[in-house]
Every structure is written in C-alpha cells, then in structure tokens.
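Biologist: I'm new to this one and would like a close look at a single part of it. Could you walk me through it slowly?

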Amino acid sequence: MRGNLLGTTDKRPKALSPTKAPPILPGEVIEEILVRVPASSLVKLKIVCKSWNALISNPEFVSDNVHRSRADPRLVYRFRDSRKIHFSSVQSLFKNPSALLTKDGCFEMDGDLHILGSCNGLICLGLMSGRFHLGSIRLWNPCTRSASDWLKIRAIKDDMYGFGYDHVHDNYKFLEGCWIYGHKIHTFGSNYWTTIVQDPLSYHPKLGIGTFVYGTLNWAAQAHSNFLEWVILSFDLANENFAPLSLPDMNNRDEHYDPAVGVLRDRLCVCLKENYGGWIFWVMKEYGVQKSWTKLITVFSNERVYPPMFYSLKAMYMTENDDVVAVSLSPSDSRIFKLVIISSNDARRSHRIFGQRTLVDADHQNCYVYQESLVSPSHLGLPSFHY
C-alpha cells in the first residue's frame with residue numbers, strides 16, 4: 001500500500017532464472033573440427049580436457065590429421081658448418097619475395113647432423129661418423145619435440161640413400177645404399193628389420209639423397225655404359241626393388257645440364273634444360289606411366305649469366321595458386337644453392353620469370369619442405385624422448 005500512496009510502483013527484484021548450460025557438440029562434430037586444426041595448435045589443445053587429450057593422442061586421429069590439416073608448410077634447412085636447423089614459412093616467401101628468408105623457428109643440435117628427408121611431419125636426421133660416413137640415423141618430430149633412439153648404419157655420405165613412407169605396409173623406411181657394404185633397407189618400428197636389396201641395375205645416381213614420391217624414392221641417374229643416357233632410378237619402398245623410369249620425350253635437350261628430380265603436389269617432377277632456352281618442369285601424372293609425362297612450366301631466367309652456369313632446378317612445393325618453390329643445384333659446389341620463386345602471374349601459364357635469393361653456405365641436400373604433424377616415433381613403437 002505504501003508504494004501506491006506515494007504514487008510509485010512496487011518493483012521487486014525478479015528471481016534469477018537458472019543459468020543455461022552451454023550447448024554441447026556431439027563428439028563426432030568435435031572430432032571433425034579438431035582433425036582440421038594444425039598440429040602445433042593441437043599440441044596445446046591436449047590440456048583442455050582428458051577426452052581431448054585422448055582423442056588427439058589417438059594414432060587414427062593423428063593419421064587423419066596428416067591428410068586433412070591445411071597448415072602452412074615450412075622449409076627446413078641447415079647451413080653448412082652449423083648445428084642449427086632452421087624453419088621458414090613457405091607462404092612468407094610469396095608475400096615478400098624480395099625480403100630475406102624469415103626464420104620462424106630454430107633448433108640447436110648436439111652434433112654434426114644432416115637432414116636426410118622429411119615425410120608426414122617426421123624428419124630423418126643423420127649423425128656423421130667422421131668426415132664421409134653416416135654412422136647413425138633417428139626420427140624427429142619438431143612439432144611434438146619427440147625423437148627416437150639412434151639406429152646404427154654404415155652409409156658413405158656420397159652414396160645413395162633416402163627416407164620415406166611405405167603406405168602399403170604403413171611403416172617408415174630408410175634406404176642405406178652403400179657400394180662397399182651393400183644396399184639395405186631399415187624399417188622403423190618396434191620390430192624393425194634390415195633387408196639386403198638388389199643393386200640398382202646399371203645406373204649411377206647423380207645425387208645421394210633420393211626424392212620421396214608416393215611410396216618411392218627417386219634419383220636422376222646416368223647409365224654406366226653411356227654418360228649421356230639419363231633415367232629416373234626408382235626404388236619401391238613396398239616391394240623393395242629398383243626400376244628405371246624413362247625421362248619425358250624432349251627435343252633440343254641441353255646435355256650439359258643434369259636433370260633434377262623433385263615433387264609437386266605429391267607427383268614426380270623432373271626439370272630439364274632446353275638448348276639455348278628455358279628450364280621445363282615436367283610432371284608424371286600417373287606414377288610409372290611414361291605417357292603421363294605432362295609439361296607444366298617453362299621458366300626463363302631474368303639474369304644474364306656468362307659464362308653459363310650449368311645448374312638445374314629442383315621443384316620443392318606448389319601452392320594452390322600454382323606458384324612454385326624450387327632450389328637451383330650447382331654441380332660445381334653442392335654446398336651452395338639459390339632459392340627460386342616461380343610466380344604464376346603470367347596468364348599464359350607458359351612463361352614464368354623467376355627471381356633468386358642466395359642462402360649463403362647452405363646445402364641443397366639439407367633443404368626440404370616440412371609439413372607439421374603429430375606423428376611421433378612412439379606411434380611406431382619406437383622408444384622416444386623429448387628433443
């Protein structure tokens with residue numbers, strides 16, 4: 001009544017309604033979201049709750065994340081006479097091609113290590129034993145900071161070797177091709193084994209490290225009987241055997257330039273030099289099928305070089321916009337390479353101008369494209385530790 005006499009309205013506080021619980025997404029939806037998240041972010045998200053930690057640690061989830069995550073790939077490389085391994089964003093190369101290579105990560109190693117390959121987020125490191133011998137190898141995931149124990153090998157630095165993934169048997173292998181001790185294959189896992197494989201026919205690889213492409217390792221190789229005869233020497237990681245692949249049919253090829261084997265969008269790529277012309281990138285659309293070789297890019301240098309430098313271009317990565325990252329290989333000094341950016345701005349798509357930047361004292365055989373992942377040595381049954 002007092003309120004009415006004063007001409008006011010009785011405003012009593014309303015009882016608070018119970019707080020609504022936030023909507024809960026089904027587990028299947030959460031998994032579909034998380035599987036697309038970059039591995040470096042998933043490492044941090046493991047501490048959100050026990051269920052997320054269990055999901056992100058599941059080997060099947062890890063495998064799906066490798067194929068479905070769209071994380072920015074990185075270049076991983078090592079400078080000569082340095083114990084540091086550097087990482088740089090590939091996308092940053094195209095955003096500002098004239099700038100120096102931006103280092104967005106660096107790891108100090110505890111020995112004379114070499115990068116022997118990168119696959120599904122795992123990097124194969126080799127430890128030198130003396131000046132010319134590789135004495136041990138290990139697997140390392142920079143994203144999870146985990147590494148396996150050392151595995152003893154007896155490879156000579158300039159002989160052929162390579163690291164890759166055998167998708168048929170779902171394991172990782174390292175080829176130790178040594179002309180003195182024989183050719184062997186090491187399978188990483190709780191029960192890894194060593195198999196002696198056949199000699200690589202009658203061809204000699206130009207570079208030691210093979211390029212990994214969809215279950216195979218590949219080298220540009222010369223025939224012992226004719227140094228002008230070139231093939232791509234292929235090693236099938238599942239069947240553990242060698243086979244020669246013919247190069248694309250090409251007239252007016254400059255025989256002073258060695259072919260360079262690379263990879264673009266998980267397809268075998270080879271770069272050949274024309275007589276008095278440009279470099280041509282060919283892609284094998286169907287692996288092992290000679291007729292599937294397709295001319296992809298013709299590149300002309302905007303530099304006038306005299307005397308001519310007989311170097312080739314090794315394809316490393318192609319973006320969704322068809323821009324290409326490659327490195328130039330100089331036969332006169334394999335320790336130094338130039339990073340090559342091939343832009344797709346030319347609407348004709350047949351002539352590309354490239355610019356070059358030099359990574360001083362860097363070794364082109366210690367440069368790879370690295371795609372981060374959660375795959376760790378422990379998933380392979382290997383004892384692992386933080387590194």
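How many of the residues of strand β10 (residues 171-178) are buried?

Modeller: Before I get to that, keep in mind that this is a predicted model. The chain averages a pLDDT of 78, and 76% of the residues score at least 70.

Now to your strand. In β10, 8 of the 8 residues are buried, so the strand is largely enclosed by the rest of the structure. You can check that face by face. In a regular strand the side chains alternate between the two faces of the sheet. On one side of β10 you find N171, K173, L175 and G177, and on the other Y172, F174, E176 and C178; they are all buried, which leaves both faces covered.

Next, the company β10 keeps. The strand belongs to an open sheet of 4 strands, ordered β9-β10-β11-β12, with antiparallel pairing. The edges of this sheet are β9 (160-166) and β12 (194-196); each has a single partner strand, so one side of each is left without a neighbour in the sheet. On average, neighbouring strands here are turned by 20° against each other, direction ignored.

Take the β9 side to begin with. β9 and β10 run antiparallel and are joined by 7 bridges. If you'd like a pair to click on, G162 has L175 in β10 as its bridge partner. These two strands form a hairpin with 4 residues between them, and D170 there takes a positive phi near 55°. That's worth a glance, since most residues other than glycine have a negative phi.

On the other side, 7 bridges join β10 to β11, again antiparallel. Here Y172 has F188 in β11 as its bridge partner. Moving one strand further, β11 (residues 182-188) is joined to β12 by 3 bridges, and these strands run antiparallel too. One pair to look for is I185 with T195 in β12.

Stay with F188 for a moment, as it takes us from the sheet into the interior. The largest nonpolar core has 47 residues, and those touching the most other members are W140, F163, Y172, F174 and F188. Strand β5 (residues 122-128) gives this core its largest share, 5 residues. Leaving aside neighbours within four places in sequence, F188 is in contact with a list of residues that includes Y172, F174 and F163, along with I137, L139, L151, L380 and L382. Two residues of β10, N171 and K173, are on that list as well.

Apart from this core lies another one, of 17 residues, among them A260, C271, V299 and M318. That gives us another enclosed strand to set beside yours. In β19 (residues 267-273), 6 of the 7 residues are buried, so this strand is largely enclosed by the rest of the structure. It has a partner on the β18 side and one on the β20 side. With β18 (residues 260-264), β19 pairs in the antiparallel sense over 5 bridges, and V261 stands opposite V270. With β20 (residues 279-284), the pairing is antiparallel over 6 bridges, and here V270 stands opposite W282.

Both of those pairings are hairpins. β18 and β19 have 2 residues between them, and R265 in the turn has a positive phi of about 50°. D266, in the loop between β18 and β19, also has a positive phi, of about 65°, although it is not a glycine. With a relative accessibility of 66%, D266 counts as exposed. The hairpin of β19 and β20 has 5 residues between the strands, and Y276 in the turn has a positive phi of about 55°.

For a contrast with D266, try D322, in the loop between β22 (312-318) and β23 (324-329). Its phi is also positive, near 70°, but at 17% relative accessibility D322 counts as buried.

Last, a word on where to tread carefully. Among the elements of the chain, strand β25 (residues 352-359) has the lowest mean pLDDT, 40, and strand β14 (residues 211-213) the highest, 94. Over residues 346-362 pLDDT stays under 50, though the model has 60 contacts beyond four places in sequence for them. Residues 304-308 also stay under 50, and for these the model has 1 such contact.

Conventions:
Residues are numbered from 1 along each chain as its sequence is written. This is a predicted model: local features need pLDDT of at least 70, side-chain atom pairs count only at pLDDT 80 or more; totals for chains, interfaces and linings use all residues. Side-chain values use heavy atoms; hydrogens and water are left out. Two strands pair if DSSP finds at least two bridges between them. Axes are lines fitted to C-alpha atoms, for helices over the stretch in contact, and angles run from 0 to 180 degrees between N-to-C directions. A nonpolar core is a set of buried Ala, Val, Leu, Ile, Met, Phe, Trp, Tyr and Cys residues joined through side-chain atoms within 4.5 Å. Buried means under 20% relative accessible area, exposed over 50%, partly exposed in between (1.4 Å probe, protein chains only). Contact means heavy atoms within 4.5 Å. pLDDT is the predictor's confidence in each residue, from 0 to 100.
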